[in-house]
Every structure is written in C-alpha cells, then in structure tokens.
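Visitor: I have a model open on my screen and I'd like to learn how to read it. Could you walk me through it, feature by feature?

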Amino acid sequence: MTIGIIGSGAMGAGIAQVVAVAGHEVFLLDQSATALERATAGIATSLRKLAEKGKMTADAATAAIARLRPTTNMQDFAGCGLVLEAIVEELTVKQQLFRQVEGVVTADCILASNTSSLSIASIAAACQRPERFIGIHFFNPAPIMQLVEVIPAVQTREGLAEEVRDLVQSWGKLPVLTKDTPGFIVNRVARPFYGEAIRLLEEGVADIATIDWAMTELGGFRMGPFALMDFIGHDVNYRVTESVFAAFFYDPRFKPSFTQKRLFEAGYYGRKSGRGFYNYAAEATPPEPNRDEALGRQILGRILAMLINEAVDALALNVASKEDLELAMAKGVNYPKGLLAWADELGLPQVLGTLDALYDEYHEDRYRASALLRRMVRANQTFFTHEPVVGNHQP
Ligand SMILES: NC(=O)c1ccc[n+]([C@@H]2O[C@H](COP(=O)([O-])OP(=O)(O)OC[C@H]3O[C@@H](n4cnc5c(N)ncnc54)[C@H](O)[C@@H]3O)[C@@H](O)[C@H]2O)c1
C-alpha cells in the first residue's frame, strides 16, 4: 500500500520514517519546501545512524530512504491507500485539507488524522465519505514510541478500526483502540500526574524537587512531574491541559492551574527556554529534595490515587478495554506499571480511601471517586485475576 503523509514537522517526518521502514512507498507532503527538505534530510540521517548502530542493515536503510518521496503536489496521492495528516492543530485548516485530499484520492482510500486534541468526528464531518475517516495518534518521537492510539469516529464504518489496528501492528507498533473522547487514553488518564503534583506544590505540601524525588525514587516513574513538564514544554503541556478541560465541558477534575499558566505566559517553557519549574542555566544549582520517606509516600499515594481514578473512570465509560488502558500508560508515557494492575497491588480499598479522604477534606468534585471503583470495593473485586501467592509455610 502506498501511503501519503501530510505535514513534515516533528510528527509527520517521524511517521513517514516508520511507514517507509515498514516497506511502504511514502509520499511526504508539506506546503513548505524548506520543512520538506529538513524532514527528508533528518529521516535519512536517522536511518543511517540506526544502520551504524546495527539496529538495521545499511541496505534496509538505503531501501527505506528510496521509498520516501517528498512532494509539494497533492496529485501524487492519487494511488494512495491511506493518507494521514500531521499538520497544524487547527480544525478549519484540517477540514479544508481533507476536502482537497478527497478530490485526489480514490473512493476506498483511508483518511486519518494524527490530531491530539480535536475530535475525529469534527474533522471527518468535512469529508464527503466520512465513513473512511479515522484517528491514528502517534507519540513523539514516532519512530521510538511504540504506542499508537486508533480512534474510530462516530461516522467511521464498521471494521475499519480493526483493519487500521492490524496495519499499525504490521509497522511494529503497539496499537490500542479508544473512543473519540477528549485526550483519547493517554492525554486523559495522565492529567493528574501534572495537575495533582502542581496542586501539592501550590498547597505547600512539598517543593518541586521533593515531589519529583517521591515520584521517581518511590514510585519508579522515569521522570518526576515537574522535570517532565519542563521537558515537554509548558507551551505544549499547558495548552493540552486547557483544551482537555474545555473539551470535558469544564469538568473540575481537569482544571488547569494558575501556576503553570503563569510559566506559560512568562515564556518559561522549560528546558527549551532555559527556565521552567527548574532553572537550566549552567551556573544554576539544582534544588535538593527533602528525602523524608513518610512525606514522599504521602505525595506518591495522592498522585497515584488520582491517576488510578482516572484510569478506572475511563474503563467505566468504555473509553478503552482494561488491556488497552494498561498498555497505553506503560508504552505511551512509560509508566512503571499499568494503573489498574497497580490499583490491585495497592488494594482497591486503599485507593478509594485516599480519594474519599481528599473528597471529605476539600469537598471538590476533583476528588470524586469513580463509581466503578466504589462498586468493585463493595464487591471485593480486583481488575485482574491474580495467581494465588504460594506460601512456603509448613503445614
Ligand atoms: N508534537 C507532538 O508531540 C505531537 C504528538 C502527537 C500528535 N501531534 C499532532 O500532530 C500534528 C502535527 O504536530 P507537529 O508537532 O508535528 O507540528 P509541526 O509544527 O512540527 O509540523 C507541522 C507541519 O505541517 C506543515 N503544514 C501546516 N499546514 C499545512 C497544510 N495546510 N498543508 C501542508 N502542510 C502543512 C507545516 O509546514 C509543518 O512542517 C498536530 O495535529 C499535533 O496535534 C503532535
């Protein structure tokens, strides 16, 4: 199958590399010839590096580079079986683009968007044949991150999600199926990792270094929330938070913080601007955490309970299957464990107890426990069946 990718920025270039390596002819289109040149050179460099490191043969790298056709002419998409866009995140621009694409491609060509924050239904609505439209959401950097969220819209024809899932799997990726709801799986379930960490900071429970220490050292997360937000950039992370909040009809659970908004407004974007929560100047001394284990456990317990609650609620609302929720958080954001398995390990009553104690204290909807969690505690259930622990006690 020949594939068309539109937009040769960070995501489009990465996705083009993935599908070219998987053996597809790829037309990579951008309105900017400069962006296209940069992307083509970048893909070639990255494939050669992979070959030098022995991750692929030099012949395979050369063949993948040869399968890549940069273009500024949409007529080249005429023979494509799939066209996926990764252009600017603006609904009207994406809708306009697909109207143009439909004028070129055949009736059975699959159309897809890599959007992070728009609904798939709203983009599909601009198409003459919305039943062939679907979301295929990669993570950055696309060649490295294994997770891909596959999102059928309300208009998508039956069976297409499964076909696309198989196709994505054939690219060596791990696809998960998710409903067309704000943030899909990862950008929805991960919100409290940032939001609750900032809340703890704002309340003065602990400083950034201590919260990051608790989450990495005690929780096993690869990066603490503040280091991670600085890495993602507050321009990106704040905007996602704001758009998920608005898209959820202002559910208080997803409320953004003034702390992050001010960093965003000040242009303190994080690593890329030299300053965010942390100061990245060469002469700056990184702050030291308070390694108080009791405080660390309190921080971890609160953030984790909020994350688990979000995952449970996504399950309760059939956003995705248990297995896909677990896979998404382990592979999309590298969490040390799936959140539902983690809940089982902690014990559901403990997680519910943490949430209920927060709710009792604050009386904010933010801390309301998912009805599913409460129901499961009442029925003494767990998310997964666990092998009975074989004790070594003597009869
Ligand atoms: N960056 C991420 O971490 C990330 C992750 C997942 C999904 N996304 C989504 O992927 C999409 C692209 O994001 P990005 O970070 O790669 O953006 P980017 O700004 O790096 O690249 C966008 C590219 O699209 C081109 N472009 C813009 N409008 C165009 C048009 N009408 N026709 C042709 N080309 C056009 C631009 O010239 C640019 O090269 C967005 O929808 C974004 O929400 C981004």
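Guide: Let's start with a working rule for touching: two residues are in contact if their C-beta atoms, placed from the backbone, lie within 7 Å. Keep in mind that this is a predicted model.

Visitor: Fine. What covers the buried residues of helix 9?

Guide: The cover includes helix 8, helix 10 (225-232) and helix 13 (293-316). Helix 9 itself spans residues 208-218, and its buried residues are Ile208, Thr210, Ile211, Asp212, Trp213, Ala214 and Met215. As a general idea, an α-helix has 3.6 residues a turn, so residues three or four places apart point the same way. Just past helix 9 you meet Gly220, with a positive phi near 80°.

Visitor: Is Gly195 buried or exposed, and why?

Guide: Gly195 counts as buried because 24 C-beta neighbours sit inside 10 Å, and the cut-off for buried is 20 or more. You'll find Gly195 in helix 8 (residues 191-202). Its C-alpha atom is 7.7 Å from that of Phe254, although 59 residues separate the two along the chain.

Visitor: Now the sheet. In what order do the strands lie?

Guide: The order is 3-2-1-4-5-6-7-8, in an open sheet of eight strands with mixed pairing. At the edges are strand 3 (68-71) and strand 8 (174-177), each pairing on one side only. On average, neighbouring strands are turned by 25° against each other, ignoring direction.

Visitor: And which helices pack on it?

Guide: Helix 6 (residues 160-170) is one of them, touching strand 5 (110-113), strand 6 (133-138), strand 7 (147-152) and strand 8. The direction of helix 6 makes about 165° with that of strand 7. Another is helix 14 (residues 322-332), which lies across strand 7 and strand 8 and runs at about 135° to strand 8.

Visitor: Let's zoom in on strand 1. Which strands does it pair with, and in what sense?

Guide: Strand 1 pairs with strand 2 (residues 26-29) in the parallel sense, over four bridges. Strand 1 also runs parallel to strand 4 (residues 82-85), and four bridges join those two. To follow the register, put Ile3 opposite Val26 in strand 2, then Gly4 with its bridge partner Phe27, then Ile5 with Leu28. On the strand 4 side, Gly4 stands opposite Val83.

Visitor: How does the chain get from strand 1 to strand 2?

Guide: Through helix 1 (residues 10-21): strand 1, helix 1 and strand 2 make a right-handed β-α-β unit. Strand 2 then has a parallel partner in strand 3, again with four bridges, and Val26 pairs there with Leu68.

Visitor: How should I read the two faces of a strand?

Guide: In a regular strand the side chains alternate between the two faces of the sheet. Take strand 1, residues 3-6: Ile3 and Ile5 lie on one side, Gly4 and Ile6 on the other, and all are buried, leaving both faces covered. Strand 2 has Val26 and Leu28 pointing one way and Phe27 and Leu29 the other, and these are all buried too.

Visitor: There's a ligand as well. Which residues come nearest to it?

Guide: Gly7, Gly9, Met11, Ala35 and Asn140 come nearest, out of 22 residues around the ligand. Helix 1 and helix 4 (91-102) are the elements that give two or more residues to that shell, and helix 1 has the largest share, three residues. Sorted by class, the shell has 10 nonpolar, 10 polar and two charged residues.

Visitor: What should I look for in the backbone angles?

Guide: Most residues other than glycine have a negative phi, and most peptide bonds are trans. Asn140, one of those nearest residues, leads into a cis peptide bond to Pro141, with omega near -5°. Pro141 is in the loop between strand 6 and strand 7.

Visitor: Where are Tyr250 and Asn318, and what is the phi of each?

Guide: Tyr250 is in the loop between helix 11 (234-247) and helix 12 (258-266), with a positive phi near 60°. Tyr250 is exposed, because just 10 other C-beta atoms lie within 10 Å. Asn318 is in the loop between helix 13 and helix 14, and its phi is positive too, near 55°. With 10 C-beta neighbours inside 10 Å, Asn318 also counts as exposed.

Definitions and conventions: Residues numbered from 1 in each chain as written. Predicted model: local features only at pLDDT ≥ 70, side-chain atom pairs only at ≥ 80, totals over all residues. Buried ≥ 20, exposed ≤ 12 C-beta atoms within 10 Å, placed from the backbone. Pairing = 2+ DSSP bridges. Right-handed = clockwise from strand over helix to strand, strands pointing away. Near = placed C-beta within 6 Å. Nonpolar A, V, L, I, M, F, W, Y, C, P; charged D, E, K, R; others polar. Axes fitted to C-alpha atoms, helices over the stretch in contact; angles between N-to-C directions.
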